[in-house]
There are 2 protein chains.
Amino acid sequence: MEYQTQDDGFLIKSQSGLWERYEKFKAEKLKLDMSRGKPCPEQLDLAKGLITCLGEDDFLANDGTDCRNYGGVDGIKEARELLAPILGADPREVIVSGNSSLALMYDLIVRALVIGVPGGSLPWGKQPKVKFLCPSPGYDRHFAICNRLGIEMITIELEETGPNMDQVERLVAEDESIKGIWCVPKYSNPTGITFSDEVVDRFAKMKTKAPDFRIFWDNAYAVHHLAEQPDHLKNILNACKEAGNPERVFLFSSTSKISFAGAGLSIMAASEINIDWIKKQIIIQTIGPDKLNQLSHVRFFRDFAGIEAQMKKHATILKPKFDQVLETFELELGGKKIAEWTKPNGGYFISLNTLDGCAKKVVALAAEAGVVLTSAGATYPYGNDPFDRNIRIAPSFPPLGELKKAMEIVAVCIQLASVDKLLGE
Amino acid sequence: MEYQTQDDGFLIKSQSGLWERYEKFKAEKLKLDMSRGKPCPEQLDLAKGLITCLGEDDFLANDGTDCRNYGGVDGIKEARELLAPILGADPREVIVSGNSSLALMYDLIVRALVIGVPGGSLPWGKQPKVKFLCPSPGYDRHFAICNRLGIEMITIELEETGPNMDQVERLVAEDESIKGIWCVPKYSNPTGITFSDEVVDRFAKMKTKAPDFRIFWDNAYAVHHLAEQPDHLKNILNACKEAGNPERVFLFSSTSKISFAGAGLSIMAASEINIDWIKKQIIIQTIGPDKLNQLSHVRFFRDFAGIEAQMKKHATILKPKFDQVLETFELELGGKKIAEWTKPNGGYFISLNTLDGCAKKVVALAAEAGVVLTSAGATYPYGNDPFDRNIRIAPSFPPLGELKKAMEIVAVCIQLASVDKLLGE
């Protein structure tokens, strides 16, 4: 029944019933943290063998490199071969690094600020202003990097097929201070959409006023399917090459949600010119990444088929959790027209929009009842959701039973905040 | 017999004998790389157990943290407790990170450039000029960081007891653009000296014009003793606190030469104010370090006594190599007054000074005969040894037999270059 079309009497009656339910939940003194897209212990157990797959004397890479010793700034060859298909790149266009792809992105932006990037005449930081386009809702940690490093963020609407490319094309064509754009192109964080081929092509072809513009293509969920029919994402590295802009894109991914969230491998890809340049910079920062962990990953997964098989196992754990959230939302909120939510084919999040102006209230109410959600606004630059409506739901970590209760609580909070709004309170 | 006091006839005769030896070595077509301070395979074997010490189900830290998952930006508590004694700090003043202490230093300088440090009013990079003092001979990778990041380097004389503190005190007192100094305070790279208590105290007490000045105290060889009576280094963190300058020093070390050079742990220490600030910055760059590798180190070494016992084993491998180099030098060069070399009580290097103007020639001659040494000049800022005399010898990697031959070759090259010089050729 649609809340909007009901009279105040009905709403007030609903309200008291909702408060009753809310107080009951509160009395249970729950403590559920759903703020981050963390894998659950059962998912981590899938890669248990990674801890023990190397023997004491298994430390040599194929080319004879002692993985225990210094060196190898771009990672061992077999690790690059194992992971390059995730980004659709040639192993020569790939660097495999430590446990954090966020660090790869952060370091690259810092380097661009202090040193510059190929094609630029000055370090970004020596130019009057640096701006990034931020398709939103998006990933809060991307925005936090810009915020910390003094990069001005411009919010771009994220639609069903990707960022609003009319906006993007217009802005990058006219403003030389726009140096980059953040993208999570597949099973986007948090909306779950995948960029269309047309969007990828427009990215590859668009004219940018800044010669040192870069796309930060964080393909974090490249192989993280939930549906039988996975989404398809066009290869942007090839598209950029074909469009004559081979240096335009930096691609990133990691095994954080394939092997271990805190002890996996990060990977980046780019044109050989970019990669050669990055390697020359990285060698000033470090003598090389942890190659033993790279060797473990090679031994454990063997090849890309091994990774795909692992992702199927992840899906059998994750899919019921996503289904649980969607069912609870449908049951509690379906037909009431007070919330919309995504039904993603992969990735780690469900994105929910409340009525305008309700998200902060919902998150606060849920927190009071023991359910910690990602802060309202976190999915927008500067933590500022202009509509105060977007909430990111991270179903992966809690056990199914807890998840059901948490989603009931969230649904009650949404209804409470909506009724308040409709009653003008 | 002193070369300097011989007449040309003697020298010319020696020269032909030396060339003969040199050509014989060259005919052997050796390939010996002594350019870096790399542990040898036998040293790495000492930590073999690190690869297998975790079982599949051994991933929980004492506080219940799942080391496989995200989080813990300063490292797990037991790893901080294990490694804090290396830097003489309290575990609360310590961050344990990934496999590279060089990256900790580089990242900290980059952050100071882009964001600033506590006590400063502007990021270093927004100030007109940034300079670092570089006691030399010193560590080439420190100098490479400054060079890459556009930081002007000022060479400071490194003496038997540490940097020339008269020079240091005068410069930091008068020049606000001097923001830092590089120090390898114990078993210094490459000269092997350890800073005296007086030098540490003068560092702690000196007046700096820049309020955001920092000492980069790279205590890479803190526990890397070769002699029965190890050198003593005064605790600079405490000295700075006592002098009322608690924020002045950043300390660094790693287990690269304790466990695995490429897959160890890095560690930094500083005042709690500095550490809190750094953690707030790091969390923007990464969600956390590889905690599984930290747990392995805790399981393998158990405690600081375990680390000290491990270092005794390293010394039994390294000491004969250092002795081999020293013996060969004594035999080939002793009494000739054409070279001086250090006899360190620990660390990874022997530093050799040729007659002025001979180092480049020696390194080139040795390379032609198949022995790759660290580039001449590398131990000075901008690769520029003003006397062209310093050569860094890294005895750790080659097997004893090869090392002997390599040192004979180097000694012959030194004699050749010296005779050439004395003959005015």
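User: What makes the 8 strands of chain B an open sheet, and in which order do they run?

Analyst: In this predicted model, the order is β2-β9-β8-β7-β6-β3-β4-β5 of chain B, with mixed pairing. The sheet has two edge strands, β2 (94-96) and β5 (162-163) of chain B, each of which pairs on one side only.

User: How do you know that β2(B) and β9(B) pair?

Analyst: Two strands pair if there are at least two bridges between them. β2(B) and strand β9 (residues 266-269) of chain B are joined by 3 bridges and run antiparallel, so the criterion is met. In this region Ile95(B) stands opposite Met268(B) of β9(B).

User: Which helix is said to pack on this sheet, and what does it touch?

Analyst: Helix α7 (residues 165-174) of chain B packs on the sheet, where it touches β3 (131-136), β4 (152-159), β5 and β6 (178-183) of chain B. The direction of α7(B) makes about 150 degrees with that of β4(B).

User: Why is strand β9 of chain A called covered on both faces?

Analyst: A residue is buried if 20 or more other C-beta atoms lie within 10 Å of its own. In strand β9 (residues 266-269) of chain A, Ser266(A) and Met268(A) on one side are buried, and Ile267(A) and Ala269(A) on the other side are buried too, so both faces count as covered. The split into two sides follows a general pattern: in a regular strand the side chains alternate between the two faces of the sheet.

User: What are the pairing partners of β9(A), and how many bridges does each have?

Analyst: Strand β2 (residues 94-96) of chain A is joined to β9(A) by 3 bridges, and strand β8 (residues 249-254) of chain A by 4 bridges. Both pairings are antiparallel. Val94(A) stands opposite Ala269(A), while Ser253(A) has Ile267(A) as its bridge partner.

User: Why is Glu81(A) called partly exposed?

Analyst: The count is 17 other C-beta atoms within 10 Å. Buried needs 20 or more and exposed needs 12 or fewer, so a residue in between is partly exposed. Glu81(A) therefore falls in the middle class. Glu81(A) is found in helix α4 (residues 77-87) of chain A. The C-alpha atoms of Glu81(A) and Pro320(A) are 33 Å apart, with their positions 239 residues apart along the chain.

User: How do you know that the radius of gyration of chain A agrees with a compact globule?

Analyst: For 425 residues, a compact globule would have a radius of gyration near 22 Å, and chain A has 23 Å, which agrees. Along the principal axes, the C-alpha atoms fill a box of roughly 75 × 55 × 35 Å. Of the 425 residues of chain A, 55% count as buried. The secondary structure of chain A comes to 14 helices and 13 strands.

User: What makes domain 1 and domain 2 of chain A touching parts, and where do they lie?

Analyst: The domain assignment gives domain 1 (8-43 + 308-422) and domain 2 (61-302). Their centres, taken over C-alpha atoms, are separated by 30 Å. Residues are in contact if their C-beta atoms lie within 7 Å, and 24 residues of domain 1 are in contact with 27 residues of domain 2. On the side of domain 1 that touches domain 2, α12 (304-333) and β13 (390-393) of chain A each supply at least two residues. α12(A) gives the most, with 7 residues. By class, that side of domain 1 has 12 nonpolar, 8 polar and 4 charged residues.

User: How many residues of chain B are in contact with chain A, and which element gives the most?

Analyst: 46 residues of chain B are in contact with 46 residues of chain A. The elements giving two or more residues to this side of chain B include α5 (101-114), α6 (140-148) and α10 (272-285) of chain B. α5(B) gives the most, with 6 residues. The side of chain B that touches chain A has 23 nonpolar, 14 polar and 9 charged residues.

User: What makes β10 and β13 of chain B edge strands?

Analyst: In the open sheet of 3 strands with the order β10-β11-β13, whose pairing is antiparallel, β10 (339-341) and β13 (390-393) of chain B each pair on one side only.

Methods:
Residues numbered from 1 in each chain as written. Chains lettered and ligands numbered in written order. Predicted model: local features only at pLDDT ≥ 70, side-chain atom pairs only at ≥ 80, totals over all residues. Rg over C-alpha atoms; globule rule 2.2 N^0.38 Å. Contact = placed C-beta atoms within 7 Å. Nonpolar A, V, L, I, M, F, W, Y, C, P; charged D, E, K, R; others polar. Domains from an automatic or database assignment. Axes fitted to C-alpha atoms, helices over the stretch in contact; angles between N-to-C directions.
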